[in-house]
Amino acid sequence: QVQVLESGGGLVQTGGSLRLSCAASGSTYMIDVMGWYRQAPGKQRELVATITSGGSTNYADPVKGRFTISSDNAKSAVSLQMNNLKPEDTAVYYCAAVHMFQLGNETYWGQGTQVTVSS
């Protein structure tokens with residue numbers, strides 16, 4: 001089992017910055033990918049950014065050039081630096097730790113942290 005804990009959300013004005021942090025614990029050797037997802041009110045949860053254990057990153061188009069994901073594999077931690085925030089970035093942000101195996105994958109979710117961007 002893997003436990004995931006996020007921190008760092010809050011309220012910021014348009015154009016501001018926030019940094020989210022996430023730490024995994026437990027059977028962290030199982031983790032192949034860590035990432036951030038978000039869910040706005042009335043919308044489905046969507047991918048924000050992911051990073052593999054080898055350091056490869058992937059970003060959703062709306063955040064490219066503004067958000068940066070980074071990891072510390074030794075600490076099983078991942079961060080999301082969010083710059084030039086927009087009101088449409090307002091959502092609950094969830095950290096995920098993914099274990100991939102031959103027939104699929106298993107995702108461990110954090111409890112979420114609220115990010116609110118005021119206009």
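This is a short tour of one sheet, one loop residue and one aromatic cluster in a predicted model.

Residues are numbered from 1 along each chain as its sequence is written, and side-chain values use heavy atoms, with hydrogens and water left out. Local features need pLDDT of at least 70 and side-chain atom pairs count only at pLDDT 80 or more, while totals for chains, interfaces and linings use all residues.

**Stop 1: the sheet**

Select strand 1 (2-7), strand 7 (67-72) and strand 8 (77-82). Strands here are DSSP runs of E, at least two residues, numbered from the N terminus. Together with strand 3 they form an open antiparallel sheet in the order 1-3-8-7. Strand 1 and strand 7 are its edges, each pairing on one side only. On average, neighbouring strands of this sheet are turned by 15° against each other, direction ignored; the axes are lines fitted to C-alpha atoms, and angles run from 0 to 180 degrees between N-to-C directions.

Now keep strands 7 and 8, which are joined by six bridges; pairing requires that DSSP finds at least two bridges between two strands. Pick Ile69 to see one bridge: its partner in strand 8 is Leu80.

**Stop 2: Ser76**

Move to the loop between strand 7 and strand 8 and select Ser76. Ser76 counts as buried because its relative accessibility is 12% (buried is under 20%, exposed over 50%, partly exposed in between, with a 1.4 Å probe and protein chains only). Show the residues that Ser76 touches, not counting those up to four places away in sequence: Cys22, Ala23, Ala24, Thr28 and Met34. Contact means heavy atoms within 4.5 Å. The side chains of Ser76 and Thr28 are also joined by a polar contact of 3.4 Å (N or O atoms within 3.5 Å, one able to donate a hydrogen and the other to accept it; residues adjacent in sequence count only if both atoms are side-chain atoms).

**Stop 3: the aromatic cluster**

Select Tyr37, Tyr94 and Trp109, which ring pairs link into a cluster. Rings of Phe, Tyr and Trp (its six-membered ring) pair with centres within 6.5 Å; planes under 30 degrees apart are stacked, over 60 edge-to-face and the rest tilted.

Tyr37 and Trp109 are edge-to-face, 5.1 Å centre to centre with 75° between the planes. Tyr37 is in strand 4 and Trp109 in strand 10, so this pair ties together parts 72 residues apart in sequence.

Finally, add Arg45. Its charged end sits over the ring of Tyr94, 3.7 Å from the centre (CZ of Arg or NZ of Lys within 6 Å of the ring centre and within 35 degrees of the ring normal). Arg45 also lies over the face of Trp109, at 4.5 Å from the ring centre.

Methods
Helices (H or I, at least four residues) and strands (E, at least two) are DSSP runs, numbered from the N terminus.
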